[in-house]
Every structure is written in structure tokens, then in C-alpha cells.
Amino acid sequence: MFNLILFGPPGSGKGTQSEKIVERFGLIHLSTGNLLRQEILDKTPLGLEAKNFMDKGQLVPDEVVIGMIDTCLIKHPQAKGFLFDGFPRTIAQAEALDKLLSLKKTTICKVLALDVTEEELVKRLVNRGVTSGRSDDLDEAVIRRRFNVYKNETEPVAEYYQKQGKLERLYGEGSVDEIFQKLSTCIEDGMN
Ligand code: B4P
């Protein structure tokens, strides 16, 4: 099994690149952001709880997202590998993921981190807010709060994987196709 994490700050292109990666490499895409937004659309109790956190630019509680990932892993017993997008976002989530994968006798193979300047990130998110109407992209104060949460709670996850020798950093600015080419080369290296 080849399990990959696409890592980076809000707006770094994780969702955009994940769609292309799963198409080329046949991995199962697990995006906690997409799963949570679907719960909100379906107006489930989980979705209603998550919305309160997401609208404020805060992380949804660990037990909620870990439970969602657990359910998804169980649903795909034959997967040739998973692409985790936007997860793990805290050390507790990373530790829980290690445990869930070890139950399946597998592990994370690579963590690819996209580096993008804060100026470019704000530009991308504000643009997306205009077209998508995503409530967490519309207000610049909420976007800045998401960056703070990222620095305090999510950046330590990069160090967690660095210590395991699994982290690779890539420059995430340029065209979508240029970045996809760089990611594809890293994934092919990891698969061989
Ligand atoms: P996510 O859905 O994960 O979204 P994101 O980090 O904001 O965006 P992403 O990096 O995927 O950006 P995208 O490719 O779309 O999280 C949303 C919220 O959900 C979180 O704030 C949190 O509240 C909650 N949540 C999710 N996971 C959680 C977890 N594990 N634990 C707790 N809470 C969790 O790109 C952004 C924009 O840039 C797009 O408009 C795109 O078109 C554009 N773009 C992409 N690549 C570009 C490029 N190369 N050049 C120019 N523009 C580009």
C-alpha cells in the first residue's frame, strides 16, 4: 500500500493537487475538509457542530475528524493506497492515524509539504471566497486566524514526520501543472 499525506497551509493547493494525484495514481482521496463540508450540506448533527468551528477559522475537535477517517478507512479494505488531504492537522491526529494504519498493517510512506508565502495564500483564499461563497474564505480576519491555527497546531505535525524521515518540502507557487509535475516525480520516487 502507498499512503501519502499532502501537507500545507490553508490555500496552499492541497485540494487542487489531490484531485490530480488520485486520478493519476489511483489512490483513495480522503479530504477532511470535503467530508466536513458534505456533513454540513447534509445538515447532520456532526455537520452542525463542525460548522461552528469552521466559520470561525478554528479546527474541528480531534475526536470528530479521527472518527470520520476511521470510518472511511474501514469502507475501503481493497485500496491500493490513501491520499490524506488536510489531515492530520494536529499531533493528536497524526498519532491516531499511525495507530489506525498499523491496525491495517500499513503506514504513511511520504509527506509532501507545499510551501507558499502568506501573501499569495491570502490572495488565493479571498479569490476562492468570491466564487465559492465558502464562509471561511470570505473574511480576511478569519483567514488570518486559520494561518495562526496552522502555525501553532499544524506546523508541529511537519516536524513529527521530519523526525521519521518522511517529509519532503516543495515550492508551491507557479502553475497548477508545474506543481503537479514536481509532486508526481516525488510520488513516483516513493513508489519505486
Ligand atoms: P480544507 O478544506 O482542508 O481547506 P484549505 O486548507 O483551506 O485549502 P486547500 O489547501 O485544500 O486549498 P485549495 O487547493 O482548495 O479546510 C477547511 C476547514 O475545515 C479548516 O479551516 C478546518 O476548520 C476544517 N478542517 C479540515 N480538516 C480538518 C482537520 N483534520 N482537523 C480539524 N479541522 C479540520 O486551494 C485554494 C485556492 O487556491 C483555490 O481557489 C485554488 O483554485 C487556488 N489555487 C490552487 N493552486 C493554485 C496555484 N498553483 N496557483 C494559483 N491558485 C491556486
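Ala, Val, Leu, Ile, Met, Phe, Trp, Tyr, Cys and Pro count here as nonpolar, Asp, Glu, Lys and Arg as charged, and the others, Gly among them, as polar. With that sorted, the shell around the ligand in this predicted model breaks down into ten nonpolar, twelve polar and six charged residues. That shell is made up of 28 residues, and the closest to the ligand are Gly15, Thr32, Gly33, Gly86 and Arg128. Several helices chip in: at least two shell residues come from each of helix 1 (14-25), helix 2 (32-41), helix 3 (45-55), helix 6 (118-132) and helix 9 (176-191).

Next comes the sheet. Strands of a sheet pair through backbone hydrogen bonds, either parallel or antiparallel. In this model, five strands line up in the order 2-3-1-4-5 to give an open sheet, and the pairing is parallel. Strand 2 (28-31) and strand 5 (167-171) sit at the edges, each with pairing on one side only. Going from one strand to the next, the twist averages 20°. Five bridges join strand 4 (residues 110-115) to strand 5 in the parallel sense, and Leu112 ends up opposite Glu168 of strand 5.

Two of the helices that supply shell residues, helix 1 and helix 9, also turn up against the strands. Helix 1 packs on the sheet, where it touches strand 1 (4-7), strand 2, strand 3 (82-85) and strand 4. The direction of helix 1 makes about 170° with that of strand 3. Helix 9, for its part, lies across strand 1, strand 4 and strand 5, and runs at about 165° to strand 4.

Definitions and conventions
Residues are numbered from 1 along each chain as its sequence is written. This is a predicted model: local features need pLDDT of at least 70, side-chain atom pairs count only at pLDDT 80 or more; totals for chains, interfaces and linings use all residues. A residue is near a molecule or strand if its C-beta atom, placed from the backbone, lies within 6 Å of it. Helices (H or I, at least four residues) and strands (E, at least two) are DSSP runs, numbered from the N terminus. Two strands pair if DSSP finds at least two bridges between them. Axes are lines fitted to C-alpha atoms, for helices over the stretch in contact, and angles run from 0 to 180 degrees between N-to-C directions. Two residues are in contact if their C-beta atoms, placed from the backbone, lie within 7 Å.
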